[in-house]
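Here is a set of short questions and answers about one structure. Each answer sets a value against a rule and draws the conclusion.

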Amino acid sequence: MKSEATASELENILELHGVTRRSFMKLCGAIVAAAGVSGLTVPRVAQALEQSVIGAKEGNLYPVIWLEGASCTGCTEAFAQLRVPDPASLILEMISLNYNDVLSAGAGESLEEAKSQTIAAGNYILVYEGGILQEWGGYATRIGGRPSTEILTEAARDANAVVALGSCAVNGGWMAAHPNPSNACGVQQYLTQAGISTPVVNVPGCPANPEWLVSILTDVVVMNSLPQLNDQNKPASLFDQTIHDLCPRRGHFENGEFVRQYGTKEESENYCLYAMGCRGPQTRAACPITLYNDRRSWCVDAGAPCIGCCEANPNDPGDNWVEVNAPFANRHRKLRIGDWQFEPQTLCLAITGILAVCLVIHGFGMKKAGRLDGNVRFEKKRRWDAKHPDRSIGDYDEPLTIIHEDGTKETVPAGTNLPGVPESDEAWKKQHAAQVAAKKADKKGGRK
Amino acid sequence: MDMAEYHETHPLPFIVTHWINLVCMICLILSGFYIHFPAFDGFMGVARGIHVLCGIVITINIIVRIVMTFIVKSAPGNGTHETKADIYSWLPQKDNRHQLTAWIGYYLFLRKEHPLGGKYGVPQKISYVLIPFLILFMAYTGFALWEPTSQLPFFLAGTEAFGGMMSMRIIHYFMMFVFILFMFIHVYLSFAEGGKGMMKMMFFNKEHGGLTYDMKTHNVSGEDERNLE
């Protein structure tokens, strides 16, 4: 078959490239680090690599098709910057990348033909980059005049697995942000709707860390299995912990040492970026462990708060990282009612302020009405009862009992004005005024 | 003159749970504000510790309070020694029937006479009944945000339903303001309407005299002029 590539013996490959055993073990270490698993498993990975199809004398390389939907090609770019293993080794010696818009040598008809042959042969992995634009019959993105939705369906149906690479492929990414005119969604949701049951591995990120892809491909190619996935079908070892929990600045967070403004001493001392809107506490990804750019640095190391680019729920395009996290410098996202956007904090403080003002005004009203401090005048009869004597709630005909200060009891007929319940509002106000005056006099007397 | 309040009105166990609620609520709100935005240095570890501890305590407290409402007896009205299971103070009661508009009218100064009613007036009862549910919901959103519990399926399902951690955090934040608004009104009316007598009862378990009420006639039954402190 034309699309099949073969690998020579692993040792020969290594020798050909002048790779020493030490460098090979380093590669294994890199794969282990990328997968976020314990360094103790390095020898196992090395052994697996040696025994795998890569190491076999006449073994077939694992075919991979890399499709792009609505993407910026950023994930491909990130992949192309990979150093260990470098893309060339990966493409030529670990997998057989039979189709990629950017990296494939061929183009046009011949490349489409390579893809068709790979699909027809089966037993391949599909890497999908970019969102799925469902609106307009999928024609917003097309290749060779065919909508990308159709191309995805065709390529995914017979694949062993689909790797949704990047947050756009996971749930539509920023294209799914309000108002989402293209009805963007992720690969998993689209395939589920299309009734295709091919397993999907979601690898969010903007761009997705290429080493995460390597670790998944390693699992597939070497171990012949998908990595352990969590309930969002993301590799558990990479996406089960928050960036916050893995962050090297976590100690500063617990100590309460924060950067509150750029260009300050706190910033130069690498204090926690939580107060600058860091999304680390709510974003699950192994960024602080894997790092970016050949394991040199990552966002927080570079002094930038996490903007939560790995936030992507494959089943909910609304939970896309841009809409959920913007504005990035604030603690909260903005909320929206129709086209009106507002900050949760502003709304809460405004309502609280209005209520406080209302209560102060009400308090003055209470004071003026003389109702403060439990000084209330109870109604003698419920108003409803007065209007509905046949269905009256209360019984107002029972005699009343007055318990005097010395404990003696006195029974008076129903309807008698109790000392605490004067007959009229005026009488009650007078009584209240007399009580207030007496209290004041008491206080003055006490002072003297 | 206000209604008399006896020990039966606010039995000691409920005074204790009220104290716990008060202390936890204040600690939760203050530490919550700090966790939302750390305005000063050096307090995050402590704030989170306080927040989680008080969150757990208030959750247990509210569950205990709900259980006690079925087994502890209290008076469903002020100014009476007659008791029933406390749950009757939380359900609609005859003393309050048809009185909602009367209460609203009274608070809006549209009528001068204080409506007759049970221990809790109509708007008061509605808001008090909501509070335990709000506390439990607040606990749910809180544990959905707290890392050690956030990945439990029970909490994860909610986080996904609400649209992710950020939405959950905003709901938790909004809910805090619901409590703040409730506390504003609750504290204001306690001071303004309940006054010193009620405060002494609620915080220090001290009775005070006033009008007495008969649960059978649903009406004022007389007056207790004694100073009971």
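A residue is exposed when its relative accessible area is over 50%, buried when it is under 20%, and partly exposed in between. Keep in mind that this is a predicted model.

Q: Why is Lys265(A) called exposed?
A: The cut-off for exposed is over 50%. Lys265(A) has a relative accessible area of 56%, so it is exposed.

Q: What makes the link of Lys265(A) with Glu269(A) a salt bridge?
A: The rule asks for a side-chain nitrogen of Lys or Arg within 4 Å of a carboxyl oxygen of Asp or Glu. In Lys265(A) and Glu269(A) the closest N and O atoms are 3.7 Å apart, so the pair counts.

Q: Is Glu269(A) exposed or partly exposed?
A: Partly exposed means neither under 20% nor over 50%. Glu269(A) has 35% relative accessibility, so it is partly exposed.

Q: Why is Lys115(A) called buried?
A: Buried means under 20%. Lys115(A) has a relative accessible area of 1%, so it is buried.

Q: What is the class of Glu112(A), and why?
A: Glu112(A) has 23% relative accessibility, so it counts as partly exposed.

Q: How do you know that Glu112(A) and Lys115(A) form a salt bridge?
A: The limit is 4 Å. Their side chains meet at 3.3 Å, N to O, so the rule is met. Both residues lie in helix H6 (residues 108–121) of chain A. They are three residues apart, about one turn of the helix.

Q: What makes Arg146(A) and Glu150(A) a salt bridge?
A: The closest N and O atoms are 3.1 Å apart. The limit is 4 Å, so this pair counts. Arg146(A) has 26% relative accessibility, so it is partly exposed. Glu150(A) has a relative accessible area of 39%, so it is partly exposed too.

Q: How many salt bridges does the structure hold over all chains?
A: There are 18 over all chains. Between chain B and chain A the count is five.

Q: What makes Arg48(B) and Glu254(A) a salt bridge between chains?
A: Arg48(B) belongs to chain B and Glu254(A) to chain A. Their side chains meet at 3.1 Å, N to O. That is within 4 Å, so the rule is satisfied. Arg48(B) and Glu254(A) are also part of a network of salt bridges with Asp245(A) and Arg250(A).

Q: How do you know that chain B and chain A touch?
A: Contact means heavy atoms within 4.5 Å. By that rule, 70 residues from chain B and 74 residues from chain A take part. The two chains bury about 6,600 Å² between them, 56% of it on carbon and sulfur atoms. Met166(B), Tyr188(B) and Glu225(B) supply 10% of the area that chain B buries against chain A, more than any other three residues.

Q: How many residue pairs are in polar contact across this interface, and which element of chain B gives the largest share?
A: The rule finds 33 residue pairs in polar contact, both residues at pLDDT 80 or more. The largest share of the side of chain B that touches chain A comes from H7(B), with 19 residues. That side divides into 32 nonpolar, 20 polar and 18 charged residues.

Q: Why is His362(A) called buried?
A: Its relative accessible area is 16%. That is under 20%, so His362(A) is buried. His362(A) lies in helix H17 (residues 344–368) of chain A. Leaving aside neighbours within four places in sequence, His362(A) is in contact with Tyr107(B), Phe109(B) and Tyr188(B).

Q: What makes strand E12 (residues 400–403) of chain A a partner of E4(B)?
A: Two strands pair if there are at least two bridges between them. Three bridges join E12(A) to E4(B), so they pair. The two strands run parallel. Thr401(A) stands opposite Gly222(B) in E4(B).

Q: How do you know that E12(A) also pairs with strand E13 (residues 409–412) of chain A?
A: Four bridges join them, and at least two are needed, so they pair. The sense is antiparallel. Ile402(A) stands opposite Glu410(A) in E13(A). This hairpin has five residues between the strands, and Gly407(A) takes a positive phi near 95 degrees.

Terms used. Residues are numbered from 1 along each chain as its sequence is written. Chains are lettered from A and ligands numbered from 1 in the order in which they are written. Side-chain values use heavy atoms; hydrogens and water are left out. Buried area is the accessible area (1.4 Å probe) that two parts lose on being put together, summed over both. A polar contact is a pair of N or O atoms within 3.5 Å; within protein, one must be able to donate a hydrogen and the other to accept it, and residues adjacent in sequence count only if both atoms are side-chain atoms. Ala, Val, Leu, Ile, Met, Phe, Trp, Tyr, Cys and Pro count as nonpolar, Asp, Glu, Lys and Arg as charged, and the others, Gly among them, as polar. Buried means under 20% relative accessible area, exposed over 50%, partly exposed in between (1.4 Å probe, protein chains only).
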